[in-house]
Amino acid sequence: MKTALITGANRGIGFALTQNYLAQGWHVIAVCRTTSPELDSTKAQVIAGVDVADEAAIAQLAQQLAETKIDLLINNAGIFLHEQLGDIDYKTVTQQFLVNAQAPLQVTEALLGNLNDGAKIAFITSRMGSIADNTSGGYYGYRMSKAALNAGAKSLSLDLKARGITVAILHPGYVQTAMVNFGGDISASESAQRLSKRIAELNLQNTGGFWHSNGETLLW
Ligand SMILES: NC(=O)c1ccc[n+]([C@@H]2O[C@H](COP(=O)([O-])OP(=O)(O)OC[C@H]3O[C@@H](n4cnc5c(N)ncnc54)[C@H](OP(=O)(O)O)[C@@H]3O)[C@@H](O)[C@H]2O)c1
């Protein structure tokens, strides 16, 4: 049985990905800060109490999983905060850098020893992190943090190639979750289904790519 570890698995896209991989017969390690009744009602192995912005919590997670091999790591947890030019709150910029860019790298690095050779890593980014696609401005912290995430994920794709580990940088679509006040145009389960297709297509030739969940290649 294959094993996936998913962060931010208690709700939204992370929960839908958890359901999707469970339905495909995978063992899922569902990592979250606080579990949810929905997540508890699944067969996932829930590991709660993991704030990905907390270095000690990441170290503890790695320790707890010392004997566990992982075939797929999905760095999904993220936050979307707003800033107003002229009155930017740099605390929210820093917070987004920490959660959206640094934490996925830190979680990945902490779990490198758990990843099987040939494992896959997916980073749930946003097309708002695309500089080429930015036609509406604003959202300084979110855009900058997701662009930084993309840069780090690209480096990982190169550094891990020798181990046969592949990396996908994936925009989930505009998805009906709390992050966007449920205003998206696809459901979380539809997004998860598309994301899992993209992950299935990932290989050593296309590793490090930046894709929309619909399969379209996105510009950096
Ligand atoms: N929805 C969209 O349209 C959309 C579009 C582009 C990209 N994305 C990306 O998709 C990913 C999932 O978002 P979503 O739409 O599912 O949003 P969501 O419903 O708001 O869920 C966010 C998840 O991230 C977790 N999280 C946030 N900060 C965390 C931290 N410090 N430590 C651990 N977990 C943390 C949340 O846990 P708690 O319950 O503990 O807060 C929750 O599980 C994010 O990376 C987001 O940027 C979403």
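**Strand β6, the pockets and the aromatic pairs**

In strand β6, the residues T166, A168 and L170 point one way, V167, I169 and H171 point the other way, and all are buried. Here, buried means a relative accessible area under 20%, exposed means over 50%, and partly exposed lies in between, as found with a 1.4 Å probe and protein chains only. Helices (H or I, at least four residues) and strands (E, at least two) are DSSP runs, numbered from the N terminus. In a regular strand, side chains alternate between the two faces of the sheet. Strand β6 covers residues 166-171 and is mostly covered, with six of its six residues buried. The model is predicted, so local features need a pLDDT of at least 70 and side-chain atom pairs count only at pLDDT 80 or more, while totals for chains, interfaces and linings use all residues. Residues are numbered from 1 along each chain as its sequence is written, and side-chain values use heavy atoms, with hydrogens and water left out.

Strand β6 pairs with β5 and with β7, where pairing requires that DSSP finds at least two bridges between two strands. Strands β5 and β6 run parallel and are joined by five bridges. One of the bridge partners is T166 in β6, which is matched with K120. The chain passes from β5 through α5 to β6 in a right-handed β-α-β crossover. A crossover is right-handed if, with the strands pointing away from the viewer, the path from the first strand over the helix to the second runs clockwise. Strand β7 (residues 209-212) is also parallel to β6, and four bridges connect the two. In this pairing, L170 has W211 of β7 as its bridge partner. The β-α-β crossover that leads from β6 through α6 to β7 is left-handed.

Pockets were examined next. Rolling a probe the size of a water molecule over the atoms shows where empty space is left. On a 1 Å grid over the protein atoms alone, a cavity is a set of points where a 1.4 Å probe fits but cannot get out, whereas a pocket is an open set with protein on both sides within 12 Å along at least five of seven lines; lining residues have an atom within 4 Å of a point. Grid points are joined across faces, edges and corners, and a volume is the space filled by probe spheres set on the points.

The largest pocket has a volume of about 940 Å³. Its lining consists of 41 residues, and N76, A77, G78, I79 and M179 are the closest to its centre. Two or more lining residues come from each of α1 (12-23), α4 (90-110) and α5 (140-159), and α1 gives the most, with three residues. By class, the lining holds 20 nonpolar, 16 polar and five charged residues. In this scheme Ala, Val, Leu, Ile, Met, Phe, Trp, Tyr, Cys and Pro count as nonpolar, Asp, Glu, Lys and Arg as charged, and the others, Gly among them, as polar.

The second largest pocket holds about 150 Å³ of space. It is lined by 14 residues, with K2, W26, D71, L72 and K120 nearest its centre. At least two lining residues are supplied by each of β4 (70-75), β5 (115-124) and α6 (188-201). Strand β5 gives the most to this lining, with five residues. The classes here are six nonpolar, four polar and four charged residues.

The structure contains four aromatic pairs. Rings of Phe, Tyr and Trp (its six-membered ring) pair if their centres lie within 6.5 Å; planes under 30 degrees apart count as stacked, over 60 as edge-to-face and the rest as tilted. One of the pairs is F80 with Y139, which is stacked at 5.4 Å centre to centre and 20° between the planes. This pair links distant parts of the chain, 59 residues apart: F80 lies in the loop between β4 and α4, and Y139 in the loop between β5 and α5. F80 counts as buried because its relative accessible area is 18%. The rings of F210 and W220 have centres 5.2 Å apart and planes at 25°, so this pair is also stacked. F210 is in strand β7 and W220 in the segment after β7, ten residues apart. F210 is buried at a relative accessible area of 2%, whereas W220 is partly exposed at 45%. F80, Y139 and Y142 form one aromatic cluster.

Two residues that are not glycine have a positive phi: Y139 at about 50° and F182 at about 60°. Y139 is partly exposed, at 31% relative accessibility. F182 is found in the loop between β6 and α6 and is exposed, with a relative accessible area of 56%.
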